[in-house]
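Reader: I would like a close look at one part of this protein, taken slowly and with its surroundings. Please pick a single helix and follow it outwards to what it touches and what comes after it.

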Amino acid sequence: MATKIDLLDVLGVLKSLPDVLVESEASRSRRNAMSQRLIAPPPPGTPLLVSLALALEHTGIYLGKNRVAELRDDGSVAVVSLTDFVNGDPCDVSLRTGTRIFAACDAKTRRPLGTKRAYATALKFAKSGFASGYDFVRSNCHLFTASCAAGLLARDDAFDKLIGSGITSIGRLERVLARELNDGRRIAWCAVARSKEKFHYKLTAEKVARLRLEGKL
């Protein structure tokens with residue numbers, strides 16, 4: 001999502017906003033229910049999420065070393081720090097209100113869902129200086145995150161097949177992530193603790209042993 005909206009899209013935004021808010025509220029409720037942390041650090045290629053104003057979300061792809069690839073509201077893909085991912089570009093008016101970062105995980109095991117394909121695609125977007133022309137309804141951060149998960153770079157008919165017709169919303173992104181990263185199983189957003197720009201985890205030796213016994217590590 002972004003703060004800038006093309007005037008030509010205003011009617012489309014107003015028409016789509018009720019559905020987006022409903023899906024966003026459902027996603028937020030699931031995040032609250034899954035308030036537990038991940039069972040392991042998110043590998044590069046893991047989709048990340050942070051809250052925006054109006055109960056909306058902003059998503060991107062974790063690249064490792066405290067870096068995130070995100071689609072900005074000028075249509076370019078940039079690599080930013082964890083802090084800038086949460087707070088937004090300090091040069092622009094930011095609507096990002098989250099203090100926590102969430103990572104996509106399997107809803108049952110809380111295993112983070114990062115893939116080499118998503119990582120490589122996000123890097124290609126960033127290194128190419130790709131600019132799509134941001135669109136709140138269709139070409140938004142959720143489409144960028146979905147395309148990385150699916151390994152798609154070109155904007156063509158493949159994107160319509162990936163997302164479907166209508167607005168590219170958080171609910172549609174979650175369905176794509178389940179299909180592309182989790183063999184169709186439901187995904188959830190688990191909280192990731194941050195400390196001085198770094199992800200950190202507090203797993204006791206006993207808990208690690210139990211998770212390994214259960215096949216979750």
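Author: The part chosen is helix 6, in a model that is predicted. Helix 6 has 12 residues, and from its first C-alpha to its last it reaches 16 Å, close to the 16 Å expected at 1.5 Å a residue. Helix 6 covers residues 170–181.

Which residues of helix 6 are buried? They are Ile170, Gly171, Leu173, Glu174, Val176, Leu177, Ala178 and Leu181. Glutamate 180 counts as partly exposed, because its relative accessibility is 25% and the buried class ends under 20%. Arginine 179 is also partly exposed, with a relative accessible area of 44%. These two residues form a salt bridge with each other, and the closest N and O atoms of glutamate 180 and arginine 179 are 3.7 Å apart. In general, side chains of opposite charge can pair when their charged atoms come close.

The packing partner to consider is helix 4. Two packed helices are described by the angle between their axes and the distance between the axes. For helix 4 and helix 6 the angle is about 10 degrees and the axes are 9 Å apart. The two helices are therefore roughly parallel to each other, since angles under 35 degrees count as roughly parallel. On the helix 4 side, the residues that meet helix 6 are His142, Thr145, Ala146, Ala149 and Ala150. On the helix 6 side, they are Ile170, Leu173, Val176, Leu177, Glu180 and Leu181. Among these, Ile170, Leu173, Val176, Leu177 and Leu181 are in the buried set of helix 6. Glu180 takes part in the contact with helix 4 and also in the salt bridge with arginine 179.

Next, the chain after the helix. Helix 6 is followed by aspartate 183, whose phi is positive, near 55 degrees. Most residues other than glycine have a negative phi. Aspartate 183 lies in the loop between helix 6 and strand 6, which spans residues 187–192. Is this aspartate buried or exposed? Aspartate 183 counts as exposed, because its relative accessibility is 68% and the exposed class begins over 50%. The side chain of aspartate 183 meets that of arginine 185 in a salt bridge of 3.8 Å, N to O. Arginine 185 is partly exposed, with a relative accessible area of 41%. Salt bridges that share partners join Asp183 and Arg185 with Asp106 into one network.

A search of the whole structure finds five salt bridges. One of them lies elsewhere in the chain and joins the side chains of arginine 72 and glutamate 70, at 3.5 Å from N to O. Here arginine 72 is partly exposed at 24% relative accessible area, while glutamate 70 is buried at 2%. A positive phi also occurs at asparagine 66, where the value is near 65 degrees. Asparagine 66 sits in the loop between strand 2 and strand 3.

From helix 4 the trail leads on to helix 3. Helix 3, residues 116–128, has 13 residues and reaches 18 Å from its first C-alpha to its last, close to the 18 Å expected at 1.5 Å a residue. Its buried residues are Ala118, Thr121, Ala122, Leu123, Phe125 and Ala126. The buried residues of helix 3 pack against helix 4 (141–150), and also against strand 2 (57–64), strand 3 (67–71) and strand 4 (77–81). Helix 4 thus has contacts on record with helix 3 and with helix 6.

Leucine 152 belongs to the loop between helix 4 and helix 5 (157–163). At 22% relative accessibility, leucine 152 counts as partly exposed. The C-alpha atoms of leucine 152 and threonine 121 are separated by 7.2 Å, although the two residues are 31 apart along the chain. Threonine 121 is one of the buried residues of helix 3.

Finally, the setting. The protein has seven helices and eight strands, and of its 217 residues 48% count as buried. Among contacts between residues at least 6 apart in sequence, 68% join residues at least 24 apart. As for confidence, the mean pLDDT of the protein is 76, and 58% of its residues reach 70 or more. Over residues 1–5 the pLDDT is below 50, and this stretch has 20 contacts in the model beyond near neighbours in sequence.

Notes:
Residues are numbered from 1 along each chain as its sequence is written. This is a predicted model: local features need pLDDT of at least 70, side-chain atom pairs count only at pLDDT 80 or more; totals for chains, interfaces and linings use all residues. Side-chain values use heavy atoms; hydrogens and water are left out. pLDDT is the predictor's confidence in each residue, from 0 to 100. Contact means heavy atoms within 4.5 Å. A salt bridge is a side-chain nitrogen of Lys or Arg within 4 Å of a carboxyl oxygen of Asp or Glu. Buried means under 20% relative accessible area, exposed over 50%, partly exposed in between (1.4 Å probe, protein chains only). Helices (H or I, at least four residues) and strands (E, at least two) are DSSP runs, numbered from the N terminus. The expected span of a helix is 1.5 Å times one less than its number of residues. Axes are lines fitted to C-alpha atoms, for helices over the stretch in contact, and angles run from 0 to 180 degrees between N-to-C directions. Angles under 35 degrees count as roughly parallel, over 145 as roughly antiparallel, 65 to 115 as roughly perpendicular and the rest as oblique.
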